Amino acid sequence: MASENWQIRRLGTVLGAEVTGVVLAETSDAEKAEIRSLLHANKVLFFPGQFMSAPDHIAFGRFFGQLEGHPNLKDANAVEHPELFRLVASTGGIADEWHTDLTFQEQPALMSILNMKQCPEVGGDTMWCDLVAAYEKLSPPLQDLCDGLSALHDAHPHNRPDRMTIHPMIRHDPETGRKALFIHPVYAIRFEDMTERESRPMLDFLNDHATRVEFTCRVRWQPGTLTMWDNRCVQHNAMNDYDGFSRRLHRTTVAGAVPSI
Ligand code: SIN
């Protein structure tokens, strides 16, 4: 196995691993399949020192599925590479709230792959939280209650009132057999068949619970760090604490399926 030559270091108690000794742009399909298995085991992977060209980044992402753009973000670069876009902090590419990508879509993103091009000397870390651990740490009666609920994910708070859909509160991952809490602090505004007022207290509890520090890991970016994560089982949050510094990333997003219960 190729990964015998890779060094894998767990970064958080429940999720996150750093992988060194690999050049992602040169990986074979068999090695990429090993990366998918590592991702299933760790939910978020960090690869330092991957200075990927746009075509290499796109080719790497395509192995994992069809790539999609971001419906809410526009990037002039997209003309040249429609499947890759640049997140530039100075032009609005700041994602400083806990979220899972694109949950207002019927088929939310499966995977996101980010390559750091220019990062602040201090600050600008990203955190992830583990929604499988969050589900597993709920008391059984609350798990049962969540198992039966669905929530409306509405992109109205991000000025896209035309984009909304209903998802189950608990996602079952057909590849790993795991169950994950499937919430979003901004888009999931109420439970199906309930009012916002009725839903708010439990949504607030679940959002706080999901982001408890013991369910998180954090990356200190360097230029060239590539991170990839499984949107079916994590949320992420980019720290906006680098006033005066530039932060610029390239991103591809792998399209997902309708969440299964
Ligand atoms: C994102 O939410 O896709 C961006 C994360 C980051 O900027 O670290």
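**Exercise 1. The ligand and its shell**

Which polar side-chain atom lies 2.6 Å from an oxygen atom of the ligand? Find the residue, then describe the surroundings of the ligand.

*Solution.* Keep in mind as you work that this is a predicted model.

- Step 1. The residue is T126: a polar atom of its side chain is 2.6 Å from a ligand oxygen.
- Step 2. Two histidines belong in this picture too. The side chain of H99 places an N or O atom 2.9 Å from an oxygen atom of the ligand. For H236, a polar side-chain atom is found 2.8 Å from a ligand oxygen.
- Step 3. Now look at the cover. On its own the ligand has 260 Å² of accessible area, and the protein covers 97% of it.
- Step 4. Two elements each give two or more residues to the shell, namely β15 (234-238) and β16 (248-254).
- Step 5. Next, list the neighbours. The ligand is surrounded by L87, A95, H99, L114, T126, W221, H236, A238, R247, L249 and R251.
- Step 6. Sort the shell by class, and you get 6 nonpolar, 3 polar and 2 charged residues.

**Exercise 2. Rings around F64**

Describe the aromatic pairs that F60 and F63 form with F64, and decide how buried each ring residue is.

*Solution.*

- Step 1. Start from the full search, which finds 5 aromatic pairs in the whole structure.
- Step 2. Recall what to read off: a pair of aromatic rings is described by the distance of the centres and the angle of the planes.
- Step 3. For F60 and F64, the centres are 5.3 Å apart and the planes make an angle of 70°. An angle over 60 degrees counts as edge-to-face, and that is the class of the F60 and F64 pair.
- Step 4. For F63 and F64, the values are 5.1 Å between centres and 85° between planes, again an edge-to-face pair.
- Step 5. Burial comes next. F60 and F64 are both buried. F64 has a relative accessible area of 6%, so it is classed as buried. F63 has 24% relative accessibility and therefore counts as partly exposed.

**Exercise 3. Other ring contacts**

Which residues do ring pairs link into a cluster, and which residue lies over the face of F182?

*Solution.*

- Step 1. The cluster consists of F46, W128 and W229, linked by ring pairs.
- Step 2. Over the face of F182 you will find R171, 4.8 Å from the ring centre.

**Exercise 4. Two positive phi values**

L102 and D193 each have a positive phi without being glycine. Place both residues and compare their burial classes.

*Solution.*

- Step 1. The phi of L102 is near 60°. L102 belongs to the loop between β5 (85-88) and β6 (111-118).
- Step 2. L102 has a relative accessible area of 3%, so it is buried.
- Step 3. The phi of D193 is near 70°. D193 sits in the loop between β12 (188-191) and α5 (196-210).
- Step 4. D193 reaches 75% relative accessibility and therefore counts as exposed.

**Exercise 5. Buried polar side chains in loops**

Find what the side chains of Q50 and R232 contact, and check the burial of each residue.

*Solution.*

- Step 1. Q50 is located in the loop between β3 (44-47) and α2 (54-63). Its relative accessibility is 4%, so Q50 counts as buried.
- Step 2. A polar atom of the Q50 side chain is 3.3 Å from the backbone oxygen of P48.
- Step 3. R232 lies in the loop between β14 (226-230) and β15. The relative accessible area of R232 is 12%, which means that this arginine is buried.
- Step 4. The partner of R232 is D173: their side chains make a polar contact at 3.4 Å.

**Exercise 6. Far along the chain, brought together in space**

How many residues along the chain separate I189 from D154, and N237 from E97? Give the C-alpha separations as well.

*Solution.*

- Step 1. I189 is part of strand β12. With 15% relative accessibility, I189 counts as buried.
- Step 2. I189 and D154 are 35 residues apart along the chain, with their C-alpha atoms separated by 6.8 Å.
- Step 3. N237 is part of strand β15. N237 is buried, with a relative accessible area of 11%.
- Step 4. N237 and E97 are 140 residues apart along the chain, and 5.1 Å separates their C-alpha atoms.

How values were computed
Residues are numbered from 1 along each chain as its sequence is written. This is a predicted model: local features need pLDDT of at least 70, side-chain atom pairs count only at pLDDT 80 or more; totals for chains, interfaces and linings use all residues. Side-chain values use heavy atoms; hydrogens and water are left out. A residue is near a molecule or strand if one of its heavy atoms lies within 4 Å of it. A polar contact is a pair of N or O atoms within 3.5 Å; within protein, one must be able to donate a hydrogen and the other to accept it, and residues adjacent in sequence count only if both atoms are side-chain atoms. Accessible areas come from the Shrake-Rupley method with a 1.4 Å probe; for residues, only the protein chains shown count as cover. Helices (H or I, at least four residues) and strands (E, at least two) are DSSP runs, numbered from the N terminus. Ala, Val, Leu, Ile, Met, Phe, Trp, Tyr, Cys and Pro count as nonpolar, Asp, Glu, Lys and Arg as charged, and the others, Gly among them, as polar. Rings of Phe, Tyr and Trp (its six-membered ring) pair if their centres lie within 6.5 Å; planes under 30 degrees apart count as stacked, over 60 as edge-to-face and the rest as tilted. Buried means under 20% relative accessible area, exposed over 50%, partly exposed in between (1.4 Å probe, protein chains only). A charge sits over a ring if NZ of Lys or CZ of Arg is within 6 Å of the ring centre and within 35 degrees of the ring normal.
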